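Here are a few exercises to work through with the structure open beside you. Try each task yourself before reading the solution.

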2 protein chains.
Amino acid sequence: MTTGTLYGVGVGPGDPELVTLKALRILRSAPVLAWPAPEDGPSLAREIVAAHLPGTQREIPIRMPLVPARFPAQEVYDRAAEEIGAELEAGADVAVICEGDPFFYGSFMYLYGRLAGRFPVEVIPGVSSLTACAAALGAPLAARNDVLTVIPGPLAEDEMTARLAAADAAAIIKVGRHFAKIRTVLDALGLAGDARYIERATMADQRILTLEEVGADSAPYFSMILVHKRTEAWT
Amino acid sequence: MTTGTLYGVGVGPGDPELVTLKALRILRSAPVLAWPAPEDGPSLAREIVAAHLPGTQREIPIRMPLVPARFPAQEVYDRAAEEIGAELEAGADVAVICEGDPFFYGSFMYLYGRLAGRFPVEVIPGVSSLTACAAALGAPLAARNDVLTVIPGPLAEDEMTARLAAADAAAIIKVGRHFAKIRTVLDALGLAGDARYIERATMADQRILTLEEVGADSAPYFSMILVHKRTEAWT
């Protein structure tokens with residue numbers, strides 16, 4: 001018997017209009033959908049495409065505790081992979097709804113790692129938060145021969161400093177509770193003036209703030225800081 | 001009188017299904033379209049969305065000589081900006097069709113630099129070649145706290161070596177005629193085994209090759225090499 005295919009489907013950064021035709025086709029036709037969600041409450045990823053779903057598909061929620069004891073929350077992904085794997089075994093395609101792009105720092109990676117060896121996998125790329133933030137800020141991300149570096153907020157202060165010092169352009173992702181440290185690094189490098197902050201890009205509650213306006217503890221997980229040292233590059 | 005708005009519209013990496021709903025809405029409704037093309041022949045960017053266009057819009061081709069005497073070809077963009085600016089002045093919106101994402105190493109930057117001060121600009125992010133290549137290769141781009149570095153192929157050998165040595169994951173873009181140099185750098189760093197090559201990702205003539213299979217002179221401009229040193233990160 002032929003097994004099903006696992007689809008990792010990128011649905012973009014939040015604006016329901018930033019979904020691709022290919023994502024919609026696969027999400028509408030797969031017999032089984034899976035999607036990440038908090039322990040309680042709705043799934044942001046599913047809400048992006050909810051208006052397009054027929055409402056007749058089997059659905060597998062992947063609910064993540066707010067404060068996982070370990071990272072990544074292995075048991076949650078183990079259980080989800082088991083449930084998804086059973087559908088694939090039985091011949092049903094399963095489409096996992098992924099915010100942004102599945103392979104750009106996405107949690108789809110944890111299902112991919114568990115299932116890719118056993119089942120066919122197809123990934124549908126989506127608009128990533130990286131370029132969505134640049135568009136929303138009206139700030140080109142990189143041009144010509146710029147080296148662009150994507151720096152996760154959890155990095156240690158000294159490593160972040162070295163990475164930012166070497167970059168022509170940088171995107172600091174997963175800012176969240178690391179904002180105060182990042183601010184210190186930007187100030188020390190004299191880059192605060194080149195930095196632009198945005199949260200929940202393309203969503204209804206998107207906010208663009210100066211670094212001064214961001215409270216040290218208030219940055220959400222879905223926030224990003226773009227830094228560009230060569231503003232003359234695109235003129 | 002109100003001026004028109006300049007739209008930079010990302011249409012994704014080549015597969016016509018990887019266009020977003022928002023890109024289609026704007027490209028169908030703008031009275032004027034502009035698009036990049038070679039000196040002779042069709043525009044790849046326009047072809048991606050051609051099936052969706054009503055055929056009644058004014059169109060401004062931006063034709064680039066194959067071997068521009070200078071980079072960027074200032075006169076071509078000066079002339080295009082003048083023509084587009086006249087439409088905006090007259091109150092017409094102009095949508096520029098951009099392969100991939102307008103702010104990710106896109107030539108839209110050169111129009112943006114010339115027109116953004118004078119007219120309202122809105123950028124519609126698209127699926128970038130970066131995540132499209134990762135999806136086509138079936139290779140996660142970055143996970144967890146990976147530092148991801150985007151390295152343009154034209155960089156000098158010593159700078160490229162330093163950037164690659166420092167990266168957890170890297171995407172070398174604009175490979176083209178720089179392939180032999182890049183191969184030398186990867187070999188010297190012992191990274192050839194971690195590197196994956198792809199050209200024309202998501203297009204009908206997409207090819208995935210080993211480094212050995214790529215002829216030293218044969219890599220097209222639309223080619224990319226992904227390098228990931230931490231394959232255990234997503235398992």
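**Exercise 1. Across the chain boundary**

In which sense do E6(A) and E6(B) pair, and over how many bridges?

Solution. Keep in mind that this is a predicted model. Start with the two strands themselves: E6(A) runs antiparallel to E6(B), and 3 bridges link them. Next, pick out one residue on this seam: A:Thr149 has B:Thr149 as its bridge partner.

**Exercise 2. The whole sheet**

Find the order of the strands in the open sheet, then its edges.

Solution. Step one is to walk through the sheet from one end: the order is E9(A)-E8(A)-E10(A)-E7(A)-E6(A)-E6(B)-E7(B)-E10(B)-E8(B)-E9(B), which makes 10 strands with mixed pairing. Step two is to look at the ends, where strand E9 (207–209) of chain A and strand E9 (207–209) of chain B each pair on one side only. Step three concerns the twist: on average, neighbouring strands of this sheet are turned by 20° against each other, direction ignored.

Now zoom in on one pair within chain B. Strand E7 (residues 169–173) and strand E10 (residues 223–228) of chain B run antiparallel and are joined by 4 bridges. Among the residues involved, B:Ala170 has B:Val227 in E10(B) as its bridge partner.

**Exercise 3. A helix across the strands**

Which strands of chain A does helix H5 (residues 129–137) of chain A lie across?

Solution. Follow H5 over the strands of chain A: helix H5 lies across E6, E7, E8, E9 and E10 of that chain. Then check the direction, which is about 70° to E10(A). Turning to chain B, helix H5 (residues 129–137) of that chain lies across E6, E7, E8, E9 and E10 of chain B, at about 70° to E10(B).

**Exercise 4. The interface**

Which elements of chain A give two or more residues to the side that touches chain B?

Solution. First the contacts: 45 residues of chain A are in contact with 45 residues of chain B. The elements giving two or more residues on the chain A side are H1, H4, E5, H5, E6 and H6 of chain A. E6(A) gives the most, with 5 residues. By character, this side of chain A divides into 30 nonpolar, 10 polar and 5 charged residues.

**Exercise 5. Symmetry**

What turn and what shift along the axis lay chain A on chain B?

Solution. A turn of 180° with a shift of 0.0 Å along the axis does so, at an RMSD of 0.0 Å. That is the relation of a two-fold axis. Finally, 100% of the interface residues of chain A are also interface residues in chain B, so the copies meet through the same surface.

How values were computed
Residues are numbered from 1 along each chain as its sequence is written. Chains are lettered from A and ligands numbered from 1 in the order in which they are written. This is a predicted model: local features need pLDDT of at least 70, side-chain atom pairs count only at pLDDT 80 or more; totals for chains, interfaces and linings use all residues. Two strands pair if DSSP finds at least two bridges between them. Axes are lines fitted to C-alpha atoms, for helices over the stretch in contact, and angles run from 0 to 180 degrees between N-to-C directions. Two residues are in contact if their C-beta atoms, placed from the backbone, lie within 7 Å. Ala, Val, Leu, Ile, Met, Phe, Trp, Tyr, Cys and Pro count as nonpolar, Asp, Glu, Lys and Arg as charged, and the others, Gly among them, as polar. Copies are superposed by least squares on the C-alpha atoms of residues with pLDDT of at least 70 in both.
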